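Here are a few notes to read alongside the structure. Keep the 3D view open and click along as you go.

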Amino acid sequence: MKRFRRSITLLAIAVCLPVCSASFAQRTDASKNAMTPKTAAEFKQRGDKLVAERQYEEAIADYDAALRLAPQDVEILLGRGKARVLNGEPDKAIADADAVIKIDSKRFDGYLLRGLALQVQHKLDEALEDFERAVRIAPKNAECYWRRGHLLTRIERIDAASKDFDAAVRLAPKQAKAYGRRGHFLYMIGRLDDALVDVEKAISIDPNKAPYLLRAAIYVDQGKLDKALADYDRAIRFDPNNGWAYSRRALLYQEIGRFDNATADHDQAIRLRPKDPHMYSQRADTYLRQKKKNYDKAIADLKTAIRLHPNDAGADYKPHAKVKLSAAALAHGQEQVRRMLKDRPNMAKYVDENDVLWKWAARKFAGEDLGVTIDWDPSEPRFALADHLSPDERRRGRIRVRRTLLDEIDKGRELTFGQLWSNAIYELHNINGVEDFKAITEAAAEGSIPKEQFVARMFSVEYRAEQETRAFFAHVYLPWAKQKRLPRVDLSWWHCDRFESAERTFLDFADKTQYPWRPYAIWYTSLRVKQMLLERQFDAAFALLDKELAAAADDTGRAEVHTLKGFCHAEQGDSAAAIKAFTHSIRLDPNDVDAYVARASAYQQRGQFDKAIEDSSQAIRIAPKNADGYDQRAYAYLTLGKIDQALADYDEMLRLNPKNAVALAGRGKAWLSKGEFDKALADLNRAIAIESPHRYLFFERADVWQAMGKPDRAIADFGEVLRRDPKNALALASRGAVWLSTGKLEKALADLNRAIAIEPAYSRFYLKRAEIWQATGKPERAIADFNNVVGRDPKNVAALNGLAWTLATCPQAKCRDGKQAIKHARRACELTMWKNWNLLNTFAAASAEAGDFAAAVKWQTEAVKLAPDEPKKEKQEMRARLDLFKAKKPYREGPAKKTIPARSASK
């Protein structure tokens, strides 16, 4: 029953919204075979009939002929414009509307037409302006109000929409159409009883042209199937040539198990609408739902439907690309399929390694279409049944598929074999849109497209993947299912019920709390905020997020915005505010894994590692197969020196995915911390072999080379990054750090200067260059670089600390300033809750320079207490400074160092 009710809802949107009563207009096959038109009026008349029969291209051809005879005829332009909207050509429809308005600026229907076309293009603000112009021109025309009411419904201004539909009824109290429109609105917002009242009023006004199909949809949702069937009978009796009525009745017959009646109705629907792909798809569904399935006829019908659908991506579908795959790629693909079937046992019920289904998936994971291998990710998406992560220079692409359903009715129920496979196959097609997705996200980040258009364009790319998945179903899955004699085959999971244009289909998705709005709406905001942060436009970012927070449709949406606010605060260096924002998010959505992981990271910035571990552990409890929780907890353990616990978490990440380069890199760091250089190097080498395009891995291996006393190899790794990306500022800065450690100060300075020229807003480069100035005996330039960072980013703890240390300990008296040193050191300690031993160490030195030796002793004692025991030399130096402060003497740095231990600039 649930599946049928959903299809009826789509009917109400697809049929009742554009032309509520058009499906009941009297039309016959004779209209197609009438005498060849000779006048503009005759061409228009036939075009109007073809539109009613959904033969839009033929209708447009007739309107073209009519306009050649009467180029200034407004009615013909309006007819062609409407046909173009329905045919998925909104740009051309707008041109027709503009022509109408140019001829007669007082024609309200010109503005209505343009508004409809703009609505299809997802330019809702502009569409609303046109509908409002139409209302101003014709304030007593009911159509102006219900057109505007539909748009207001779309943008969730329900109260305003309700007023418009009421106005339409008030203006046209004797028109069945006015009640039908309002009834449809009430049906869509779930007020079934009120919708039924309006529909019955429409029927009482004009039973010959009444919305019986809408009333049938209401009856179906109310479970009154006998009444629904009676309404389908009435619709057909009043209009025996209405193919949609036969089609809807067929679906109800199918639902109640009367398959012979259903097939007969589908046959009639196809006779009346031979070019409508929906008719063939629905008959195919009936063929496959019977106990004795007719696979051959179902396959033929689906292929016909695909062929009839304009611009269908599956029209020339080929299951395999003509590419040769390496043995290594094929082995990878096969391993991913094995892992997928192990993680989702329902997928393994009917397949083995010799099946076409298994082999197809293995080749896709091997990169047959994408050109690079793809990973299976065992974690589950939160807001979709399946999703993917596109590949980039840091990681391979991966797909994920939920094990259980999401909707409220069936939430928690495990997906079946066919449902799981349809979702996996869809994502293996969808991930191939990487270049389109990239172009759309870049446009969003720049702000060159609005949110609605972003979501619509993302949907349009995915719609192509739906069409390819549908073609796969017809070409591969159904023949295989016939061979296997599967007990159940459900077309609805293979996107076989959508044969409108992408633009028209998108209009069906008005609920902002569901796909495709979630996750794409919040992604759009995230992209905009990320760009603002890159440009250090924090005020603009927070203003945008405040606006999004006010507009959020539910607690989950508000939680997502608070999470983004937390990231903004973290980028500012305000970890306390970040934690507060993430906490807001978690209160609104206790299952938000991302918020827990992000708050764990913020706690780590404040030195609150126990809380970071607690949050990471909670993320793991919520999503035990999501690697992010383990990764964050392992990092906290690593920072605390709990290397064995960190190794255990990295091992678990690798158990979930043996080719997880992030886990290998993290474990390599852990081995490095234990002094197990060979193991660290082995893990980094494996990670690079798996993800060689991912440049950050070379940075991690460079740290291992440094620890092994092989700076030349570290320099070579950074050189490899620069060979691939000559303008990689991070690699330049990191190589500069290695040059600095080997005493090659000129080369170090040259690399840092180049890095800063490429990325002048990146604070860490100035901090590393300050080290070079200190090493070359130019503390005043170091102070200038520190001040540069603090001036642009007053919460940058590293810059505050470096500046305070230099002002407190510089051997050159002209550079020392105890008062300023205390100011900057205190700010750094406040930002980290006085928990960071290194910052306390600096505050003690600043206090000593200012002559407050009591404070110097107090805070140096605390720093020694908090500092790790390793490396021993550093702790010995701290104790020596404590003795100095007890003797009421300030600390001075020694002469400029020729070498400084290097770390990658990314650290």
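Which residue follows α12, and what is the sign of its phi?

1. That residue is G223, and its phi is positive, near 80 degrees. Bear in mind as you look that this is a predicted model.

2. Now for the helix itself. α12 covers residues 212-221, and 9 of its 10 residues are buried, so the rest of the structure largely encloses it. The buried ones include Y212, L213 and L214, and R215 is on that list too.

3. Next, have a look at the sheet. It's an open one with 3 strands in the order β1-β3-β2, and the pairing is mixed. On the edges sit β1 (374-376) and β2 (386-389), each pairing on one side only. From one strand to the next, the twist averages 20 degrees.

4. Zoom in on β2 and β3 (residues 397-401): they run antiparallel and are joined by 4 bridges. Within this pair, D387 stands opposite R400 of β3. Helix α20 (residues 417-430) packs on the sheet and touches β1, β2 and β3. The direction of α20 makes about 160 degrees with that of β3.

5. Last stop: helices α42 (residues 837-849) and α43 (residues 853-866). Their axes come within 8 Å and cross at roughly 160 degrees. Angles over 145 degrees count as roughly antiparallel, so that's what we call α42 and α43. The crossing is left-handed. Among the residues making the contact are W837 and F843 of α42, along with F853 and W859 of α43. Sorted by class, this contact has 11 nonpolar, 3 polar and 1 charged residues.

Key: Residues numbered from 1 in each chain as written. Predicted model: local features only at pLDDT ≥ 70, side-chain atom pairs only at ≥ 80, totals over all residues. Heavy atoms only, no water. Pairing = 2+ DSSP bridges. Helix = DSSP H or I, 4+ residues; strand = E, 2+ residues; numbered from the N terminus. Axes fitted to C-alpha atoms, helices over the stretch in contact; angles between N-to-C directions. Contact = heavy atoms within 4.5 Å. Buried < 20%, exposed > 50% of the residue type's maximum accessible area, 1.4 Å probe, protein only. Parallel < 35°, antiparallel > 145°, perpendicular 65-115°, else oblique. Left-handed = near helix turned anticlockwise from the far one by under 90°. Nonpolar A, V, L, I, M, F, W, Y, C, P; charged D, E, K, R; others polar.
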